[in-house]
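Work through the exercises below with the model open beside you. Try each task before reading its solution.

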Amino acid sequence: MKMGEAVTDEYRRLGISSQVFDFGETLLRSLEGRFREIDQTAEYNQLKVLAAFQENMIGESHLSGTTGYGYHDSGRDALERVYADIFHTEAALVRPQIACGTHALSLALFSNLRPGDELLSPVGKPYDTLEQVIGIRPAAGSLAEYGITYREVALLPDGSIDYPAIEKAITPRTKLVTIQRSRGYQNRPTLSIDSIGQLIAFVKNINPKFICMVDNCYGEFVDTVEPSDVGADLCVGSLIKNPGGGLAPMGGYLAGKEELIEQAGYRLVSPGLGRAVGASLEVLRSLYQGIFFAPTVTAAALKGAVFAAKVYQSLGFNVNPKPDDDYHDIIQAITFENPMLLTTFCQAIQAASPIDGHVLPEAAPMPGYSCPVIMASGSFISGSSIELSADGPLREPYIAYLQGGLTFPHAKAGVLKSLQSLLDAGLVELPSPIYT
Ligand SMILES: *Cc1c(COP(=O)(O)O)cnc(C)c1O
């Protein structure tokens, strides 16, 4: 059997017609240049990660962890030095005890702010789950309850940064400036490393003592530089997104200035004990292997995003970013304008998953989110969004956020499956006359 026929047979088993497959192939041919750029970034980042391993002389003994208090956990401490080297920071805190990205961000804020301080977001509303951390929506245990106030400056209508308004929003109490790189559940542009660098330079010029923190979720390894390379004092993210490479079973990281990381250690563990405590149990091997794989896994996810953008743009949907744009994170937003389309899309992504592919997701309320959310995540690591996944809050304009893909062939299959499902449901048509 010829390769072409064999592969289309396998697609047919997933319910994908040769018509949909051919449509995808035509679009893929136009993406060759984009994919080459993505591979070049992965190549650079792979070498950066390799160098961090070698410079820290990572050995077999670092891969097994400790129990109990976790004193003298050399594998954990060396992993933190590896992260610090990758991010070019003085220190890092990389722990399985950090439950998720929100926890990592919450930790960074609670450990480095004190009552009376003010937090500033100069790039608009932060990620949904942070609203309760900050107390924008009242919540038990929020920063607001501790007398830490918050101000935000919206992005301008074109998505650019409103510098004059930021200057006005700074007060003598401003202590920490939080910059979210990725759009999260907003249809605004993701910030480039350059624009993050300019923003940091601007606020540091007003007061060099401001702590500039970047919520780096979904951004790691998309570029050859990280926010810490352009002045961020602290980069924060989740290990079940890019830097975990799909292998980290849990965890979060903070990379930044030594004093900020030290404070985070006191908050995570306890004052006095700090970073010296915290057993790594059996997870170190996966965390090391995960960060080693992260550059190519991120590249696979990015190719999946670009391919989805191309497919849905050619069907006439508004996509953000557009396939020819520079990508600054792995999230692909597709605006469906219709709850049926959003739901069918997410259900198809689930149906293309290796785990729980037989399960039909439905919209449901989610802790931390203000409206029902539909989530497709048939992943090895529960809720992992570096694995192929899609979600969307059931609110206008019904945007699906697609992200992840441990391998590009899987991301591609998921995107083709979603197109097939929308076609089968009569919700879209392939552009005619070329593809009919
Ligand atoms: C995912 C995400 C978070 C929160 O991370 P969780 O692991 O879901 O708690 C915060 N900010 C951004 C931009 C994110 O994408």
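**Exercise 1. Find which residues Tyr398 touches, leaving out residues up to four places away in sequence.**

Solution. This is a predicted model, where local features need pLDDT of at least 70 and side-chain atom pairs count only at pLDDT 80 or more, while totals for chains, interfaces and linings use all residues. Residues are numbered from 1 along each chain as its sequence is written, and side-chain values use heavy atoms, with hydrogens and water left out.

Step 1. Locate Tyr398 in the loop between strand S11 (389-393) and strand S12 (399-403). Helices (H or I, at least four residues) and strands (E, at least two) are DSSP runs, numbered from the N terminus.

Step 2. List the contacts (heavy atoms within 4.5 Å). Tyr398 touches Ile334, Thr335, Phe336, Glu337, Asn338, Pro339 and Leu342.

Step 3. Check burial. Buried means under 20% relative accessible area, exposed over 50%, and partly exposed in between (1.4 Å probe, protein chains only). Tyr398 has a relative accessible area of 15%, so Tyr398 is buried.

Step 4. Look far along the chain. Lys48 is 350 residues from Tyr398 in sequence, and their C-alpha atoms are 39 Å apart.

**Exercise 2. Decide whether Ile349 is buried or exposed, and list its contacts.**

Solution. Step 1. Ile349 sits in helix H11 (residues 339-351).

Step 2. The relative accessibility of Ile349 is 0%, so Ile349 counts as buried.

Step 3. Set aside neighbours within four places in sequence. Ile349 is then in contact with Ala376, Leu388, Ser389, Ala390, Leu402, Gly414, Val415 and Ser418.

Step 4. Compare with Gln186. The two residues are 163 residues apart along the chain, and 21 Å separates their C-alpha atoms.

**Exercise 3. Test the length of helix H8 (residues 193-206), then find what its buried residues pack against.**

Solution. Step 1. Use the rule: the expected span is 1.5 Å times one less than the number of residues.

Step 2. Helix H8 has 14 residues, so the span should be 20 Å; the end C-alpha atoms are 20 Å apart, which agrees.

Step 3. Pick out the buried residues of H8: Ile193, Ser195, Ile196, Gly197, Leu199, Ile200 and Val203. An α-helix has 3.6 residues a turn, so residues three or four places apart point the same way.

Step 4. These buried residues pack against helix H7 (163-169), S4 and strand S5 (211-215).

**Exercise 4. Describe the salt bridges of Arg151, Arg181 and Lys257.**

Solution. Step 1. Apply the rule: a side-chain nitrogen of Lys or Arg lies within 4 Å of a carboxyl oxygen of Asp or Glu. The count comes to 18 salt bridges.

Step 2. Arg151 pairs with Glu118 (2.7 Å, N to O). The pair links distant parts of the chain, 33 residues apart: Arg151 is in strand S3 (residues 149-152) and Glu118 in strand S2 (residues 118-121). Arg151 is partly exposed at 36% relative accessible area. Glu118 is buried at 4%.

Step 3. Arg181 pairs with Glu226 (3.3 Å, N to O). Arg181 lies in the loop between S4 and H8, and Glu226 in the loop between S5 and strand S6 (234-238), 45 residues apart. Both Arg181 and Glu226 are buried.

Step 4. Lys257 pairs with Asp233 (2.6 Å, N to O). Lys257 is in the loop between strand S7 (252-256) and helix H9 (258-268), and Asp233 in the loop between S5 and S6, so the pair ties together parts 24 residues apart in sequence. Lys257 is partly exposed, with a relative accessible area of 35%. Asp233 is buried, with 5%.

**Exercise 5. State the volume of the largest cavity and name the residues that line it.**

Solution. Step 1. On a 1 Å grid over the protein atoms alone, a cavity is a set of points where a 1.4 Å probe fits but cannot get out; lining residues have an atom within 4 Å of a point. Grid points are joined across faces, edges and corners, and a volume is the space filled by probe spheres set on the points.

Step 2. The search of the whole structure finds 1 cavity of 30 Å³ or more. The largest cavity has a volume of about 50 Å³.

Step 3. Its lining consists of Ser121, Val123, Gly124, Lys125, Pro126, Leu130, Thr178, Ile179, Gln180 and Asp215. Strand S4 (residues 174-180) gives the largest share of this lining, 3 residues.

Key
On a 1 Å grid over the protein atoms alone, a cavity is a set of points where a 1.4 Å probe fits but cannot get out, and a pocket is an open set with protein on both sides within 12 Å along at least five of seven lines; lining residues have an atom within 4 Å of a point.
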